[in-house]
Amino acid sequence: MSEDPVTDLAEASTREGHAWLEQVFRDHYAELCTFVCRYVRSDDVAEDILQDLFLSMWRGRERWVSAGDALRPLLYVAARNRALDHLKHRKVREHYAQSVLQEMPEQRVSATDEAVLVREVREEIDAAIQSLPERAREIFRLSREHGLTYREIAERLGLSIKTVENQMGRSLKKLRARL
């Protein structure tokens, strides 16, 4: 115990409040979770709502402790209100998302535009591959275009597997930087 009676009283009050809240949690959490889940149709959301409720109870525990025998009905009312608030908020979010989607101008890419875009991207990739040193380009193509494993490439070119791995690593790094 400290020499300050106010500090001692506050610490004792906190310990008692913790024990009280823990007991309320054990007594009511499961049934409240089932109750809230009937509204929100999600165990995870129900648990989040109850976590918020119990946090609120901790912060204002004096008011909740003084409820006495009325605690259980108060818990149900608070849980129901939080569930309904969640549903209202979700409905507002959904409405907002719908309105944003409706207000967005349609952005359609014609088949011709898409074909041109694909061709341009392919040309850029080919140019990047062409910029690789000859041996690196050969290893890259054997791997990516012909589907050979590093072992198969190493055997075909008379290199070690480690050399093939290193060359591929450098090639990929260069291609990422360029593209």
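Colleague: What does Glu22 count as, buried, exposed or partly exposed?
Modeller: Buried means under 20% relative accessible area, exposed means over 50%, and partly exposed is in between, with a 1.4 Å probe and protein chains only. Glu22 has 36% relative accessibility, so it counts as partly exposed.

Colleague: What kind of model is this?
Modeller: Residues are numbered from 1 along each chain as its sequence is written, and side-chain values use heavy atoms, with hydrogens and water left out. Local features need pLDDT of at least 70, side-chain atom pairs count only at pLDDT 80 or more, and totals for chains, interfaces and linings use all residues, for this is a predicted model.

Colleague: How many helices does the secondary structure of the protein have?
Modeller: Helices (H or I, at least four residues) and strands (E, at least two) are DSSP runs, numbered from the N terminus. From that end on, the elements run α-α-α-α-α-α-α-α. There are zero strands, and the number of helices is eight.

Colleague: Which residue forms a salt bridge with Glu22?
Modeller: A salt bridge is a side-chain nitrogen of Lys or Arg within 4 Å of a carboxyl oxygen of Asp or Glu. The partner lies with Glu22 in helix 1 (residues 5-40), four residues apart, about one turn of the helix. The closest N and O atoms are 2.6 Å apart, and the partner is Arg26.

Colleague: Why can residues three or four places apart in an α-helix point the same way?
Modeller: Lys162 and Glu165 give another case, three residues apart in helix 8 (residues 161-178), with a salt bridge of 3.7 Å, N to O. Residues at such spacing point the same way because an α-helix has, to the turn, a residue count of 3.6.

Colleague: Which residue in helix 4 pairs with Glu31 in a salt bridge?
Modeller: The closest N and O atoms of this salt bridge are 3.2 Å apart, and the partner of Glu31 is Arg72. The pair links distant parts of the chain, 41 residues apart, with Glu31 in helix 1 and the partner in helix 4 (residues 71-103). Glu31 is partly exposed at 29%, as is, at 42%, its partner Arg72.

Colleague: How many salt bridges does a search of the whole structure find?
Modeller: Three have come up here: Arg26 with Glu22, Glu31 with Arg72, and Lys162 with Glu165. They are among the total for the whole structure, which is seven.

Colleague: What is the handedness of the crossing of helix 7 and helix 8?
Modeller: Axes are lines fitted to C-alpha atoms, for helices over the stretch in contact, and angles run from 0 to 180 degrees between N-to-C directions. The axes of helix 7 and helix 8 come within 8 Å and cross at roughly 110°, which makes the two helices roughly perpendicular (65 to 115 degrees; under 35 is roughly parallel, over 145 roughly antiparallel, the rest oblique). A crossing is left-handed if the near helix is turned anticlockwise from the far one by less than a right angle, and right-handed if clockwise. The crossing of helix 7 and helix 8 is right-handed.

Colleague: How many nonpolar residues does the contact of helix 7 with helix 8 have?
Modeller: Contact means heavy atoms within 4.5 Å. Here it is made by Tyr150, Arg151, Ile153 and Ala154 of helix 7 and Ile161, Val164, Glu165 and Met168 of helix 8. Ala, Val, Leu, Ile, Met, Phe, Trp, Tyr, Cys and Pro count as nonpolar, Asp, Glu, Lys and Arg as charged, and the others, Gly among them, as polar. By class there are two charged residues and no polar ones, and the nonpolar residues number six.

Colleague: Where is Gly147 placed?
Modeller: Gly147 is exposed, with a relative accessible area of 56%. Not counting residues up to four places away in sequence, Gly147 touches Leu142 and Glu152. The place of Gly147 is in the loop between helix 6 (134-144) and helix 7 (150-157).

Colleague: What is the phi of Arg41?
Modeller: Most residues other than glycine have a negative phi. Arg41 lies in the loop between helix 1 and helix 2 (43-59). Arg41 is not a glycine, yet its phi is positive, at about 60°.
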